[in-house]
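Please examine the structure shown below alongside its sequence. The paragraphs that follow lead through selected residues, helix contacts and cysteines.

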Amino acid sequence: MIEVMPPAAIFIIGALLIPLVPGRLKSVYILALPVIGMWNLLNLPLGSHYPVAFHGYDLLIMEVDRLSRVFAIVFHLIAFIGMLYILNFKNNLEYVTALCYAGCALGVVFAGDLLTLFFFWEGLTVTSMFLILARQTSSATAAALRYSLVHAAGGLLLLAGIVMHHHATGSLAFGHLGLGSLGTILIFLGFGVNCAWPLLHGWLVDAYPEASIGGTVFLAAFTTKTAVYVLARAFAGEPSLIWIGTIMAIFPLFFAIIENDLRRVLAYCLINQIGFMVVGIGIGTELAINGIVAQAFAHILYKGLLFMAIGAVLYRTGTAKATELGGLAKSMPWTCFFYLMGAAAIAAPLFAGFVSKSLVLSAAAHEQLWLVWFALLLAAVGVFISAGLKVPFFAFFGNDGGHRVKEAPLNMLLAMGGAAFLCLFIGVFPHYLYDLLPYDVAYQPYTYNHVMGQLQLLFFAGLAFSLLLLSGVYPAEVRAINLDFDWTYRMASRLLYRGLDLSLNGINSLINRLVAVEFTARLSTFFQDGPARFVLALSRPICLLRQMDAKQLARSEEKVLRTYRLGNFSVACTAIFSVGFLVLLFFL
Amino acid sequence: MPTDDQKERRQAGQQGKALLILFFACCLALFAIDFVVKRPAHMVWEEWPGFYALFGFVGCVLIVLMARYLLRPLVKREEDYYD
């Protein structure tokens with residue numbers, strides 16, 4: 001009897017069996033998988049499981065501790081919610097890849113060694129790519145291709161780092177690594193690609209809004225959060241992360257304000273929230289690590305909820321563009337309500353974001369990182385006005401976009417309701433979340449200062465937003481795209497293509513002209529009447545000596561050339577050539 | 001004779017206006033309370049009355065203005081730019 005199953009195995013093996021499950025049973029089956037997984041997870045004892053010797057390497061498939069367990073719990077929750085959300089699509093490919101993707105994320109979270117980690121890390125890339133392809137539009141296909149190329153590059157960085165690290169230390173153990181050698185720096189960068197660090201973030205805002213409706217919900221939960229997890233495990237307390245995270249928290253805000261595609265607005269806000277977590281990892285104290293774990297937990301739920309609500313809008317109206325939406329509160333009241341719950345969960349007291357984000361802010365204050373503290377406070381304002389005010393305003397209120405649609409399907413509403421409930425539950429009873437955190441916390445989020453400060457911050461941000469809207473200063477949404485860092489590699493690839501086109505095709509046509517056209521033509525002329533011209537050149541002085549006129553000369557030339565072309569030499573000529581040839585051979 | 005749609009719209013407009021007034025009143029109350037109740041805080045600036053309110057307001061305005069006047073002129077392109 002197997003005591004514990006690796007959670008990744010339950011998801012991946014279970015997912016591969018989905019196409020075999022018949023009819024209605026399938027819906028029950030795909031919802032049961034995360035539930036069985038959760039039951040297994042809650043019975044997992046802390047410690048190391050499944051040590052495997054593989055070609056002389058000691059691998060450890062599962063290392064369960066409090067850090068990995070809390071990530072696994074929230075991954076199970078969002079997997080269940082996400083599967084419920086995509087239940088009505090009846091798409092086996094999406095079911096299988098979504099669950100395999102969740103399984104790979106769980107594999108990364110429990111990996112006790114770097115090789116197992118790498119295996120599941122690549123699994124994340126492959127499975128998530130299918131979630132983008134599942135949209136089945138040409139722009140989604142192109143985005144999926146770019147996405148896979150960026151992640152392949154990131155994966156190679158990670159692999160190179162792992163190989164160098166193993167070569168230097170002889171160890172494959174996955175624990176705290178620190179930035180001591182080139183190997184660990186490469187691992188750091190490999191993690192950074194999946195974490196969407198500034199300049200490495202292009203794939204996220206490029207691909208997430210192109211993915212399938214349900215795919216985006218899964219994508220938002222797993223790739224970046226596993227990256228946060230591995231950074232927290234391997235590079236906690238690395239000071240450079242504080243600044244990387246601060247930049248991440250700030251720069252997407254400006255893009256989010258001017259972006260027209262609402263799912264892309266949420267993708268920018270996602271980077272901003274990951275920024276909070278990266279700052280926390282950089283601070284690295286127990287309070288900070290607790291903060292980032294709590295933040296990741298809450299963020300997976302409320303960002304999932306926001307993406308689900310806008311996904312439902314996209315499902316019903318066929319668009320997620322601010323310019324084409326508006327006034328949907330009437331036709332989709334529940335979706336609107338759940339979106340507003342998710343928006344409140346970003347920061348408002350009584351919701352999940354409030355009790356998690358204040359841990360990170362407090363950690364920054366404890367370490368007296370004032371600049372970072374101010375930046376994070378500004379980031380909190382920015383994400384609230386984008387995801388919390390702008391998106392619902394343009395989707396559900398504002399100018400009527402003319403869509404008269406039905407409310408979202410029941411399974412979608414249930415999924416959103418579940419996520420909204422969890423956001424509220426965690427906000428009201430934060431100790432349930434705090435009890436799961438890696439370190440014991442004695443933290444009280446509901447102090448007068450915190451609550452009042454946060455309320456003032458949000459209300460006055462809202463006040464400024466409404467005044468800017470009323471006065472017309474707030475930038476009107478326009479049908480346009482905004483260039484971001486993916487421009488560089490999209491243009492670079494075009495430049496490469498054009499460069500290769502010019503150089504290789506240029507060489508090709510040059511060689512074609514020289515060899516195929518000119519050289520063969522000359523060769524053929526040479527063999528046609530080369531010897532004749534040679535003979536003519538030899539006989540020219542004789543002709544001149546005989547004082548032939550131009551007419552005679554031309555006639556005799558014509559005669560010689562014709563003789564050569566037809567090959568009807570006189571016997572005497574043949575004899576002379578044969579003798580000459582034999583003499584030549586004799587001397588050679 | 002106004003149609004049902006127009007009536008509805010007018011009604012929604014009135015509701016919106018009422019909500020907006022309520023919202024402004026809440027803002028005012030939240031701002032005023034800082035001058036009545038002193039906050040026990042870690043940092044000096046947290047004790048200044050209206051610090052968070054001002055930060056939220058100015059922060060929002062700054063982000064919107066910078067996005068509109070600095071970033072948008074730099075990065076805005078036609079929708080078919082990449083095609």
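Contact here means that heavy atoms lie within 4.5 Å. The model is predicted, and every value below is computed from it.

A:Asp206 offers a starting point. This residue lies in helix H8 of chain A. With neighbours within four places in sequence left aside, A:Asp206 is in contact with A:Ala143, A:Arg146, A:Arg264, A:Asp486 and A:Arg490. Its relative accessible area is 4%, so A:Asp206 is classed as buried, the cut-off being under 20%.

From H8 the path leads to helix H2 of chain A, where A:Leu41 is placed. A:Leu41 has a relative accessible area of 0% and is therefore buried. Beyond its neighbours within four places in sequence, A:Leu41 is in contact with A:Pro7, A:Arg69, A:Ala72, A:Ile73, A:His76 and A:Phe110. A:Ile481, by comparison, is separated from A:Leu41 by 440 residues in sequence and by 43 Å in space, C-alpha to C-alpha.

The contact between A:Leu41 and A:Phe110 introduces a helix pair. Helix H2 (residues 25–42) of chain A and H4(A) have axes that come within 11 Å and cross at roughly 5°. Because angles under 35 degrees count as roughly parallel, H2(A) and H4(A) are roughly parallel to each other. On the side of H2(A), the contact is made by A:Lys26, A:Ile30, A:Leu33 and A:Leu41, and on the side of H4(A) by A:Asn92, A:Tyr95, A:Leu99 and A:Phe110. In character, the residues of this contact of H2(A) with H4(A) are six nonpolar, one polar and one charged.

Helix H4 (residues 92–110) of chain A also packs with helix H5 (residues 114–133) of chain A, at an angle of about 155° and with the axes 8 Å apart. Since angles over 145 degrees count as roughly antiparallel, H4(A) is roughly antiparallel to H5(A). The crossing of H4(A) past H5(A) is left-handed. H4(A) contributes residues including A:Leu93, A:Tyr101, A:Cys104 and A:Val108, which face a set in H5(A) that includes A:Leu117, A:Trp121, A:Leu124 and A:Phe130. The contact of H4(A) with H5(A) comprises 13 nonpolar residues, five polar and one charged.

Backbone geometry calls for attention next. Most residues other than glycine have a negative phi. A:Ala196, although not a glycine, has a positive phi of about 60°. This alanine is found in the loop between helix H7 (182–194) and helix H8 (202–207) of chain A. With a relative accessible area of 1%, A:Ala196 is buried. A:Gln547 likewise is not a glycine and has a positive phi, of about 55°. Its position is the loop between helix H19 (486–545) and helix H20 (550–566) of chain A. A:Gln547 is exposed, with a relative accessible area of 69%.

Finally, how many disulfides does a search of the whole structure find? Over all chains, the search finds zero. A disulfide is a covalent bond between the sulfur atoms of two cysteines. For A:Cys423, the closest cysteine sulfur is that of A:Cys269, and because the distance is 15 Å, the two are too far apart for a bond. A:Cys423 counts as buried at 1% relative accessibility. A:Cys543 is likewise in no disulfide, with the nearest cysteine sulfur, in A:Cys573, 14 Å away. A:Cys543 is buried as well, with a relative accessible area of 14%.

Notes:
Residues numbered from 1 in each chain as written. Chains lettered and ligands numbered in written order. Predicted model: local features only at pLDDT ≥ 70, side-chain atom pairs only at ≥ 80, totals over all residues. Heavy atoms only, no water. Disulfide = S-S within 2.5 Å. Buried < 20%, exposed > 50% of the residue type's maximum accessible area, 1.4 Å probe, protein only. Axes fitted to C-alpha atoms, helices over the stretch in contact; angles between N-to-C directions. Helix = DSSP H or I, 4+ residues; strand = E, 2+ residues; numbered from the N terminus. Parallel < 35°, antiparallel > 145°, perpendicular 65-115°, else oblique. Left-handed = near helix turned anticlockwise from the far one by under 90°. Nonpolar A, V, L, I, M, F, W, Y, C, P; charged D, E, K, R; others polar.
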